[in-house]
Amino acid sequence: MESILYQIFSGEYDITPKQDETQQQLRTQLFMELDKVEAVFGTEFFDRLFALHGEWKQQKSFQYYRSGFLLGARLMLAALG
């Protein structure tokens, strides 16, 4: 096994968290329920719901990124000032 530092350096480190058995079971149950929702409301509704959710998550992620960037800039200014 290679060291984690070498994996990060070489770009081979996988940051994807590994799911345990409980998470896999919950994921399976979630998708079974989502299939039921799609069957009742239809594919068009389901696609629109996921598109809206994706846009919401993208905006949320950008807000976190922006807040983190501002915090980093403030810390650098405090360290340099």
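The paragraphs below lead through a predicted model of a protein chain, from its overall form to a few of its residues.

The confidence of the prediction is a sensible place to begin. Over the protein chain the pLDDT averages 90, and 99% of the residues score at least 70. Among the elements of the chain, the lowest mean pLDDT, 85, belongs to helix H1 (residues 4-10), while the highest, 94, belongs to helix H2 (residues 21-41).

In its secondary structure the protein chain has 3 helices and 0 strands, and a reader who follows the sequence meets the pattern α-α-α. The radius of gyration of the protein chain is 20 Å, well over the 12 Å that the globule rule gives for 81 residues, so the chain is more spread out than a compact globule. The extent of the C-alpha trace can also be given along its principal axes, where it spans about 60 × 40 × 20 Å.

From the overall form we can turn to the surface. Buried residues account for 2% of the 81 residues in the protein chain, and the chain exposes about 7900 Å², of which carbon and sulfur atoms supply 62%. As for charge, the protein chain carries 8 positive and 11 negative charges, and the mean positions of these two groups lie 11 Å apart.

Helix H3, which covers residues 43-80, offers some closer views. The count of aromatic pairs in this model comes to 4. One of them joins Phe46 and Phe50 in an edge-to-face arrangement, with 4.8 Å from centre to centre and 75° between the planes; an angle over 60 degrees is what places a pair in that class. Why are Phe46 and Phe50 separated by about one helical turn? The two residues are 4 residues apart in helix H3, and because of that spacing about one helical turn lies between them. Their surroundings can be described one residue at a time: Phe46 is buried, with a relative accessible area of 10%, whereas Phe50, at 42% relative accessibility, counts as partly exposed.

Arg74 also has its place in helix H3. Is Arg74 buried or exposed? With a relative accessibility of 59%, Arg74 counts as exposed, because the value is over the 50% cut-off for that class. A distance along this part of the chain completes the picture: Arg74 and Phe45 are 29 residues apart along the chain, and their C-alpha atoms are separated by 44 Å.

Methods. Residues are numbered from 1 along each chain as its sequence is written. This is a predicted model: local features need pLDDT of at least 70, side-chain atom pairs count only at pLDDT 80 or more; totals for chains, interfaces and linings use all residues. Side-chain values use heavy atoms; hydrogens and water are left out. Rings of Phe, Tyr and Trp (its six-membered ring) pair if their centres lie within 6.5 Å; planes under 30 degrees apart count as stacked, over 60 as edge-to-face and the rest as tilted. Buried means under 20% relative accessible area, exposed over 50%, partly exposed in between (1.4 Å probe, protein chains only). The radius of gyration is taken over C-alpha atoms; the globule rule is 2.2 Å times the number of residues to the power 0.38. Accessible areas come from the Shrake-Rupley method with a 1.4 Å probe; for residues, only the protein chains shown count as cover. Lys and Arg count as positive and Asp and Glu as negative; His and the chain ends are not counted. The place of a charge is taken as NZ of Lys, CZ of Arg, CG of Asp or CD of Glu. pLDDT is the predictor's confidence in each residue, from 0 to 100.
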